[in-house]
Amino acid sequence: MEAFDRVLFERIAPQWRWSFAHIAVRELCSRWRSDMLPMYRWALEKLAGERAAMPQALRLHLAEALLHAGERERTAAAL
């Protein structure tokens with residue numbers, strides 16, 4: 001994903017924003033698409049502050065990515 005703009009991304013309606021983030025994290029987990037890393041990082045930042053608002057499916061894929069990265073504590077927090 002070239003030129004990911006966090007400011008513009010935040011302006012998208014929340015349900016669509018979560019959906020796009022979920023697709024990006026899923027692609028990162030299943031196909032190791034490094035171009036999805038900016039949105040993955042955005043989702044990780046949101047996990048800390050907006051966990052309750054984050055859809056469960058996105059949290060599960062974030063947990064999977066964190067597990068692959070060997071980050072057990074953050075994996076547990078995502079679940």
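A residue is called buried when its relative accessible area is under 20%, exposed when over 50%, and partly exposed in between. The legends below apply these classes to a predicted model.

**Figure 1. Overall view of the predicted chain.** By the class just given, 37% of the 79 residues in the chain are buried. The chain holds five helices and zero strands, and its pattern along the sequence reads α-α-α-α-α. Along the principal axes, the C-alpha atoms occupy a box of roughly 30 × 25 × 15 Å. A compact globule with 79 residues would have a radius of gyration near 12 Å, and the chain, at 12 Å, agrees with that. Among contacts with a separation of 6 or more, 52% come from residues 24 or more positions apart. The accessible surface of the chain is about 5,100 Å². Carbon and sulfur atoms contribute 55% of that surface.

**Figure 2. The aromatic pair W18 and W42.** The whole structure contains four aromatic pairs. In the pair of W18 and W42, the ring centres are 5.7 Å apart and the planes stand at 50 degrees, so the pair is tilted. The reason lies in the cut-offs: planes under 30 degrees apart would count as stacked and over 60 as edge-to-face, and the rest are tilted. W18 belongs to helix 2 (residues 14-31) and W42 to helix 3 (residues 37-50), so the pair ties together parts that are 24 residues apart in sequence. W18 and W42 are both buried. Ring pairs also bring F4 and F9 into a cluster with W18 and W42.

**Figure 3. A nonpolar patch on the surface.** W16, F20 and I23 make a nonpolar surface patch of about 300 Å². One of these residues, I23, is found in helix 2. I23 has 36% relative accessibility and therefore counts as partly exposed.

**Figure 4. The salt bridge between R6 and E45.** A search of the whole structure gives seven salt bridges. In the one shown here, E45 pairs with R6, and their closest N and O atoms are 2.8 Å apart. This pair links distant parts of the chain, with E45 in helix 3 and R6 in helix 1 (residues 6-10), 39 residues apart. R6 has a relative accessible area of 33% and is therefore partly exposed.

**Figure 5. The surroundings of E27 in helix 2.** E27 has a relative accessible area of 12%, so E27 is buried. Leaving aside residues up to four places away in sequence, E27 touches W32, R33 and M36. H61 is 34 residues from E27 in sequence, and the C-alpha atoms of E27 and H61 are 9.6 Å apart in space.

**Figure 6. The salt bridge between E27 and R31.** The side chains of E27 and R31 meet in a salt bridge of 3.3 Å, N to O. Because R31 and E27 are four residues apart in helix 2, about one helical turn separates them. The two partners fall in separate accessibility classes: E27, at 12% relative accessibility, counts as buried, whereas R31, with a relative accessible area of 59%, is exposed.

**Figure 7. The salt bridge between K46 and E50, with a note on a network elsewhere.** The side chains of K46 and E50 form a salt bridge, 3.3 Å from N to O. Both residues lie in helix 3, four residues apart, about one turn of the helix. E50 has a relative accessible area of 28% and is partly exposed, while K46, with a relative accessible area of 16%, is buried. Elsewhere, salt bridges that share partners join E27, R31, R33 and D35 into one network.

Terms used. Residues are numbered from 1 along each chain as its sequence is written. This is a predicted model: local features need pLDDT of at least 70, side-chain atom pairs count only at pLDDT 80 or more; totals for chains, interfaces and linings use all residues. Side-chain values use heavy atoms; hydrogens and water are left out. Rings of Phe, Tyr and Trp (its six-membered ring) pair if their centres lie within 6.5 Å; planes under 30 degrees apart count as stacked, over 60 as edge-to-face and the rest as tilted. Helices (H or I, at least four residues) and strands (E, at least two) are DSSP runs, numbered from the N terminus. Buried means under 20% relative accessible area, exposed over 50%, partly exposed in between (1.4 Å probe, protein chains only). Patches are made of residues with over 30% relative accessible area and no salt bridge: like charges are joined within 9 Å, nonpolar side chains (Val, Leu, Ile, Met, Phe, Trp, Tyr) within 5 Å. Accessible areas come from the Shrake-Rupley method with a 1.4 Å probe; for residues, only the protein chains shown count as cover. A salt bridge is a side-chain nitrogen of Lys or Arg within 4 Å of a carboxyl oxygen of Asp or Glu. The radius of gyration is taken over C-alpha atoms; the globule rule is 2.2 Å times the number of residues to the power 0.38. Contact means heavy atoms within 4.5 Å.
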